[in-house]
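Subject: Structure handover

Hello,

Here is the structure I promised to pass on. Please have it open while you read the notes below.

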Amino acid sequence: MSFMSRFLGAIAGAVLTVTVPAAVAEAQAAKVQVALGDTVSVETLAYIVALERAKERGVDYTLTSFAKEDLAIQAVVNGQADLGIGTPYAVIQKSKAPLKGIFQVTRLVFFAVADKSLYKTWKDLDGQPFVFHARGTGTEAIGNILADRNGIKFGQRSYVAGSENRVVAMLNGQIKATIVDLANKNLLLAKSADKFHVLPGLDEKASDEILFARTEWLAKNQAAADTIVEEFAKVWREMAADPTMVEKERVKRGLLKDLPKELLADVDKYYRQAVDNGVFDKAGGSPQAVKLDFDFYTQAGQMTGPAAELKVEEFWDFGPLERARKKMGG
């Protein structure tokens, strides 16, 4: 087992609580419970930086990392968490869950990778097993669209949370075809480009993860929601101008100190590549971006359409982001 898989196994489902000096008293409130449908890692470090900045302004928080995204979404639906980071569109539509998106965290920049000796083209994957992050997530949505566009149907579907874990499994010969994020696509090819390759993907960049909350919590905690969204917006703007700011903030705040040095050495590289490839959009969301999400997720079969008839206001509350933009300028 590699140091990467050992680390990820240790933190899956764990609660991350980071201590900082006493915050400004004027904004003190009950601790905000945040549910993350992903592992705490280099790829999610920017989220922690934004939450830590909000904490300095008096919005204390506890972050719970779930191995499956649907568990994080359900935690918010059930009131066990106030905010979530994931993709709750299908849950909102199908169950009428009182959730609203408030910030676009990441966009779908993922890559289909396969054992080139078995699957040279998408046609070779017709009826073959394929592995996704989790049921109903962005990776499965991408897979559904690509399968449809290439006229194939997958065979057995399996789910392994975390691109890092899927890459480890590919290198160990346990997975032959999957979808991974930018950093892990690069890692896979760096380690074994002679064995694996990237299949043609999508040009669209729909939302991968959004920050969302229960409508009741938003109504009662506008100040806390505004502070958190404002800090996310600030970090995303700063990243766009200088991707190295994330590592500087990590060092300054002593974040992810238990992460192996080999992974921390790649923080700057990851954020440069992520910014260059459009993973983070400094706008933080817009009605136009949500409509693109509707198009994408209806094509993927996770939402029912027609996409043009879906109403942005039933899925998003742009109040916190609009107030943040007004305060920040632009």
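What follows is a short account of what turned up, beginning with the cavity. Please keep in mind that this is a predicted model.

**The cavity**

The search covered the whole structure and found 1 cavity of 30 Å³ or more. The space inside comes to about 340 Å³. Its lining has 28 residues. Nearest the centre are Asp38, Phe110, Asp181, Asp208 and Glu209. Sorted by class, the lining holds 7 nonpolar, 12 polar and 9 charged residues. Five elements are listed as giving two or more residues to this lining: β5 (99-107), α5 (138-149), α6 (163-171), α7 (182-192) and β11 (207-214). The largest share, 3 residues, comes from α6.

**Aspartate 38**

One of those central residues deserves its own paragraph. Aspartate 38 sits in the loop between β2 (32-36) and α2 (45-56). Aspartate 38 is buried, yet has no salt bridge. How far away is the nearest side chain of opposite charge? That side chain belongs to arginine 166, and the distance is 7.8 Å. The cut-off for a salt bridge is 4 Å, nitrogen to carboxyl oxygen. Beyond its neighbours within four places in sequence, aspartate 38 is in contact with Thr44, Ser65, Phe66 and Glu209. Glu209 is also among the residues nearest the cavity centre.

**Salt bridges**

The count comes to 18 salt bridges. Three are described here.

- Glutamate 238 and arginine 53 meet at 3.0 Å, N to O. This pair links distant parts of the chain, with glutamate 238 in helix α9 (residues 222-241) and arginine 53 in helix α2, 185 residues apart. Glutamate 238 is partly exposed at 31% relative accessible area, whereas arginine 53 is buried at 12%.
- Glutamate 140 and arginine 157 meet at 2.9 Å, N to O. Glutamate 140 lies in helix α5 and arginine 157 in strand β8 (residues 157-159), so the pair ties together parts that are 17 residues apart in sequence. Glutamate 140 counts as buried, at 8% relative accessibility. Arginine 157 is partly exposed, at 32%.
- Lysine 234 and glutamate 231 form a salt bridge, with their closest N and O atoms 3.6 Å apart. Both lie in helix α9 and are 3 residues apart, so about one helical turn separates them. Lysine 234 is partly exposed at 28% relative accessible area. Glutamate 231 is buried at 4%.

There is also a network. Salt bridges with shared partners join Arg53, Glu56, Glu238, Glu249 and Arg253.

**Backbone geometry**

Which residues does a cis peptide bond join? They are glycine 305 and proline 306, with omega at about 10 degrees. Proline 306 is in the loop between α13 (287-299) and α14 (319-328).

Two non-glycine residues with positive phi are worth a look. Lysine 96 has a phi of about 55 degrees. Lysine 96 lies in the loop between α4 (89-95) and β5. Leucine 256 has a phi near 55 degrees. Leucine 256 lies in the loop between α10 (245-253) and α11 (261-264). Are these two buried or exposed? Lysine 96 is exposed, with a relative accessible area of 67%. Leucine 256 is buried, at 14%.

Best wishes

Key
Residues numbered from 1 in each chain as written. Predicted model: local features only at pLDDT ≥ 70, side-chain atom pairs only at ≥ 80, totals over all residues. Heavy atoms only, no water. Helix = DSSP H or I, 4+ residues; strand = E, 2+ residues; numbered from the N terminus. Buried < 20%, exposed > 50% of the residue type's maximum accessible area, 1.4 Å probe, protein only. Lys, Arg positive; Asp, Glu negative; His and termini not counted. Contact = heavy atoms within 4.5 Å. 1 Å grid on protein atoms, 1.4 Å probe; cavity = no way out; pocket = protein on both sides within 12 Å on 5 of 7 lines; lining within 4 Å. Points joined across faces, edges and corners; volume = space filled by probe spheres on them. Nonpolar A, V, L, I, M, F, W, Y, C, P; charged D, E, K, R; others polar.
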